[in-house]
Protein chains: 2
Amino acid sequence: MAELPDKRTAFIDWYLAVVEAANLSDKRYPVKGMNVWTPYGFRARRNLDRVMVREIEATGSQAVEFPTLIPQNEFAKEKEHIKGFDAQVFWVTRGGLSELDIPLVLRPTSETAIYPIFALWVRSHRDLPLNVYQIVNTFRYETKTTRPFVRVREIHFFEEHTCQLDEAAATERVRSNREAFRRMAHALALPYLALRRPPWDTFPGAHYTVAFDIPLAGARTLQLGSVHHYRDNFSVPYGIRYEAPDGSERPVHQTTFGLSERLLGAIVGAHGDARGAVFPSEIAPYEVVVVPVVAGPSASSVLPAARSVADELRAAGRRVVLDDGDERPGAKYYRWELAGAPLRLEVGAREVESGRLTAVDRLGRKAPLERAALVAEVGRRLGDYDAELLRRASEALREAISPAATLAELHDAQQVRWVGWCGAEDCGHEIEKAIDGALLGTPEEPLPFPLEPPTRCIACGRTEGVRAALAAQPM
Amino acid sequence: MAELPDKRTAFIDWYLAVVEAANLSDKRYPVKGMNVWTPYGFRARRNLDRVMVREIEATGSQAVEFPTLIPQNEFAKEKEHIKGFDAQVFWVTRGGLSELDIPLVLRPTSETAIYPIFALWVRSHRDLPLNVYQIVNTFRYETKTTRPFVRVREIHFFEEHTCQLDEAAATERVRSNREAFRRMAHALALPYLALRRPPWDTFPGAHYTVAFDIPLAGARTLQLGSVHHYRDNFSVPYGIRYEAPDGSERPVHQTTFGLSERLLGAIVGAHGDARGAVFPSEIAPYEVVVVPVVAGPSASSVLPAARSVADELRAAGRRVVLDDGDERPGAKYYRWELAGAPLRLEVGAREVESGRLTAVDRLGRKAPLERAALVAEVGRRLGDYDAELLRRASEALREAISPAATLAELHDAQQVRWVGWCGAEDCGHEIEKAIDGALLGTPEEPLPFPLEPPTRCIACGRTEGVRAALAAQPM
């Protein structure tokens, strides 16, 4: 089997090769950017969904589902929003054999599908807050090169939409969403930066946007998700109003929180290595792979022993696969390393005799494991593995960022750069030009490690109103 | 609050009123037949999905997901299939600001999306059987009157697609699917008829179709799902071939198994009554509603007692809602009956003192329940409730069907009719005309209760080759 490209020097090639070799997605579907979720990839997606659902429902949000198609007239109601999406939507113009009276948009995001109905659901302050989310597919007519999970035309999407009493309550929801994301990212062992995007990179129609970014390779970053404060920008055109306790009628303030299958791309990109994908245990299609090593005189006892290991772990709620196929053990190890399985248990004659299995985690750490303490030991190893994964990723995040004091230092950046910015749009664009990328924004939360606050704008040199910002090349 | 229409005499009005009053679906979305899944309705759907996933995965099927959009040329490859769906699909013709080179169909079902990829996945007899399923939304440009869950334009759909070695293996998969459906239907407390559809009502492109029908009111039936044997009708045009052990190349034989949100419509239609929806416990958004009855001197102990009841049940894995709102208890009882909650626990001062709660199930059966044995007792009551629900529905099924010996007896049918049919298409159409409906087909499995086998064709009077068949008015 061919070696993977080098992650450091050929990141994109490496990424595409890992997604294919791990069989996470099949991109041979005959529409560009619309990929097939394979059985293995779907398992990872299902586990990701479970984490998102668990954490958002812990904050009192309820699942709903709105239709996929949005009539053109509803789609066009908020002016900035339509401007932002007009060029990148698919249009349904025919039904059966006839032209539709009103063309329908395949949702690129669901504000304009949901808000006409919110206007019916919200009547009184007693209906607030209204916190609902949906996990659906969205569609974007992407003209750039597509990449599995990261830039696709049919997107597995998580979106929360909320209505709040006022601006302060909406600000509080943004904070609560940030906390929910912190818990989700922890389950994925992904460290990140929470940044307020500059105004020109704010979500179309939003008052402001906080996005979560992770550095991946060189100056390259990937946006993991975002939270938006809409104020009443949508509730006014869509008429989402409530009667306050004093009898007055007021528009709600709104927020949204968006995540997607990109999180799987981030897992591949951040944790993967020269041997393939590396899954955190909560997301791994299978947490444990049991490999019987059948050879020698006591071979006949091996397969039943391996089966009982798998059964016992399954009964304890673990996702386990027993790989009892014909390949030799080395080929299986290779394949499950490519696929990113967190823990491999080898069961051979020696293990059966000694009562100690050989356990190897995906970080290559090998140690015997007492068969008698199987379930507890596997839980401990996986917990330890996830912690080590997060530790390594956090170290990589720290190493990926460095301060820059002049625009010249941004050229050919091999890292994400920490710069001073006066807040002026012109200076922002100068920074973006210098790094050939984007000004990601200013930290909304303290960085996971301390960096000296900059004192002057890297573009104009001003010291007044200067703030720290990060510049990078988003994927 | 207004009374519901009468189920017997005004079934459709009653059905629509129950769906709305129980807040299962919001049909005010501005595209006809595309409805909003409310938080309450979505919970029922999620529980339904859980049952379908559990039972199909128990047969070794794996989840996948294929794209929503299908290129016109792939869609047109199987001639019968395209003929069957051409008039009822939505077409995407524009992407962004430009016309697409190849128009895309929103999948009405996914054969033509999946089979080009199956042709890549299947190489050898070792790749077979290939059993995968997906739960996705499908789209049909329905021109008839739409009804929530039962006839909609965006359909929450379950579809299994399989590839088998040969015709016999495919026949065996059809049987296994029928068994899986039996287990699903049992969880839904829905009795049904398994019928082989006549050739003119076979799925477009299939060799034969077995459908599951339930009588709902008068001669009205609802199709719950279907299983299709495709032989090699699709695998030949799509090139899904494998190398047999003897080195020869052969097309696979295929099957599919389809279910949808209709099952929720069937639950409403079959179990619902004059007081609203009636959910079997596995599907109920909440299995148990705890209502504190706060009145009198010891009121202050009631709310904590009610809360502890809800907490204990939740900890035991039950789906519970504590209705501690301001309404009077009677109004809450009324609302939760409309909503179909299986079991209501009333916690008042008397209950706190006696250590016995008042339990009322949705069939109106009231009995005290020992607080000390809460979890076990609730489990027992729900099991008993589900069994009674199935018993009543099975009795209704039996009463809904009666034999007819002449075409004249089919006019103004108030029941589903059991008739003799010689198998000729002309006679089939005569039967359909007489009942103003459809010949549902011939029993693929014995009916749940015995009926005398007919001896002559109800249309032509022939005795040769006569078989039993059911005629009805499908919704």
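In this predicted model, the centres of domain 1 and domain 2 of chain A, taken over C-alpha atoms, are separated by 40 Å. The assignment for chain A places domain 1 at 11-271, domain 2 at 288-382 and domain 3 at 401-474, these bounds coming from an automatic or database domain assignment. Residues are numbered from 1 along each chain as its sequence is written, and chains are lettered from A and ligands numbered from 1 in the order in which they are written. Because the model is predicted, local features need pLDDT of at least 70 and side-chain atom pairs count only at pLDDT 80 or more, whereas totals for chains, interfaces and linings use all residues.

In chain B, an open sheet of 5 strands follows the order β16-β15-β17-β18-β19 with mixed pairing; strands pair if DSSP finds at least two bridges between them, and the elements are DSSP runs numbered from the N terminus, helices being H or I of at least four residues and strands E of at least two. Since β16 (320-322) and β19 (366-370) of chain B stand at the edges with a single partner strand each, one side of each is left without a neighbour in the sheet. Neighbouring strands of this sheet are turned against each other by 25 degrees on average, direction ignored. The parallel strands β15(B) and β16(B) are joined by 3 bridges, and B:V290 stands opposite B:L322 in β16(B).

Two helices of chain B pack on this sheet, as tabulated here; contact requires C-beta atoms, placed from the backbone, within 7 Å, and angles run from 0 to 180 degrees between N-to-C directions of lines fitted to C-alpha atoms, for helices over the stretch in contact.

| Helix (chain B) | Strands touched (chain B) | Angle of directions |
|---|---|---|
| α9 (residues 302-315) | β15, β16, β17 and β18 (356-361) | about 170 degrees with β15(B) |
| α12 (residues 374-400) | β15, β17, β18 and β19 | about 140 degrees with β17(B) |

Helix α10 (residues 329-339) of chain B has the buried residues B:K332, B:W336, B:E337, B:L338 and B:A339, where buried means 20 or more other C-beta atoms within 10 Å of the residue's own, with C-beta atoms placed from the backbone. These buried residues pack against α1 (11-21), α2 (39-57), β15 (288-293) and β17 (343-348) of chain B. After α10(B) comes B:G340, whose phi is positive, near 85 degrees.

Chain B is superposed on chain A by a rotation of 180 degrees with 0.0 Å of shift along its axis (RMSD 0.0 Å), which is the relation of a two-fold axis; the fit is by least squares on C-alpha atoms of residues with pLDDT of at least 70 in both copies. Of the residues of chain B, B:V92 comes closest to the rotation axis, at 2.1 Å (C-alpha). The same surface serves both copies, as 100% of the contact residues of chain B recur in chain A.

How values were computed
Buried ≥ 20, exposed ≤ 12 C-beta atoms within 10 Å, placed from the backbone.
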